[in-house]
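Here is a short report for a reader meeting this chain for the first time. Look over the sequence and the model, then read on.

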Amino acid sequence: MAKSNRILVGLVCKECNQQNYVTVRSKINTQEPLKLRKFCNKCKKQTDHKEKKKLD
Ligand SMILES: [Zn+2]
């Protein structure tokens with residue numbers, strides 16, 4: 001319980017808002033929201049994905 005500097009975040013497609021990925025990132029090393037180009041199953045193409053608020 002001592003180290004909890006890692007948070008679980010979802011990555012949602014910017015075009016359809018579907019959450020396609022879940023990732024873990026460090027609160028300490030990464031302060032800015034993630035932005036990644038990933039494949040969206042709904043759009044059937046690569047789209048920009050942005051970070052959603054942390055998951056439980
Ligand atoms: Zn999409």
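## Terms and model

Two strands pair if DSSP finds at least two bridges between them. One such bridge sets I7 against its partner R25 in β2. The model is predicted.

The mean pLDDT of the chain is 86. Of its residues, 86% reach 70 or more. Among the elements, β3 has the highest mean pLDDT, at 94. The lowest belongs to β2, at 89. Where pLDDT is low, the predicted coordinates should not be read in detail.

## Overall fold

What does the secondary structure come to? The chain has zero helices and four strands. Along the sequence, the pattern reads β-β-β-β.

The chain holds 56 residues, and 11% of them count as buried. Contacts across the sequence are also part of the picture. Take the contacts with a separation of 6 or more: 48% of them join residues 24 or more positions apart.

## The β1–β2 hairpin

Strand β1 covers residues 6–13. Strand β2 covers residues 19–26. The two pair in the antiparallel sense, over seven bridges. V12 of the hairpin stands opposite Q19 in β2. I7 has R25 as its bridge partner in β2.

How many residues of β2 are buried? The count is zero among its eight residues. Strand β2 is hardly covered.

## The loop between β1 and β2

Five residues lie between the strands of this hairpin. N17 is in that loop. N17 has a positive phi of about 70°, although it is not a glycine. Most residues other than glycine have a negative phi. Is N17 buried or exposed? N17 is exposed, because it has 10 other C-beta atoms within 10 Å and the cut-off for exposed is 12 or fewer. The C-alpha atoms of N17 and K52 are 9.9 Å apart in space, with their positions 35 residues apart in sequence.

E15 also has its place in the loop between β1 and β2. E15 has 13 C-beta neighbours inside 10 Å, so it counts as partly exposed. Leaving aside neighbours within four places in sequence, E15 is in contact with C43 and T47. E15 and K42 are 27 residues apart in sequence. In space they are 9.6 Å apart, C-alpha to C-alpha.

## The loop between β2 and β3

K27 sits in the loop between β2 and β3. Why does K27 count as exposed? K27 has 11 C-beta neighbours inside 10 Å, and exposed means 12 or fewer, so K27 falls in that class.

Which residues does K27 touch, beyond those up to four places away in sequence? They are N5 and I7. The C-alpha atoms of K27 and I7 are separated by 6.7 Å. Along the chain, K27 and I7 are 20 residues apart. I7 is also the residue that bridges to R25 in β2.

## Strand β3 and the loop after it

Strand β3 covers residues 35–40, and R37 has its place there. R37 is exposed, because 9 other C-beta atoms lie within 10 Å of its own. R37 touches Q46 and D48, not counting residues up to four places away in sequence. The C-alpha atoms of R37 and K14 are separated by 9.9 Å. These two residues are 23 apart along the chain.

K44 follows in the loop between β3 and β4, where β4 covers residues 45–54. K44 has a positive phi of about 60°, although it is not a glycine. K44 has 8 C-beta neighbours inside 10 Å, so it counts as exposed.

## In brief

The chain has four strands and zero helices. Strands β1 and β2 form an antiparallel pair. N17 takes a positive phi in the hairpin of β1 and β2. K44 takes a positive phi as well. Of the chain's residues, 11% count as buried.

Conventions:
Residues are numbered from 1 along each chain as its sequence is written. This is a predicted model: local features need pLDDT of at least 70, side-chain atom pairs count only at pLDDT 80 or more; totals for chains, interfaces and linings use all residues. A residue is buried if 20 or more other C-beta atoms lie within 10 Å of its own, exposed if 12 or fewer, and partly exposed in between; C-beta atoms are placed from the backbone. Two residues are in contact if their C-beta atoms, placed from the backbone, lie within 7 Å. pLDDT is the predictor's confidence in each residue, from 0 to 100.
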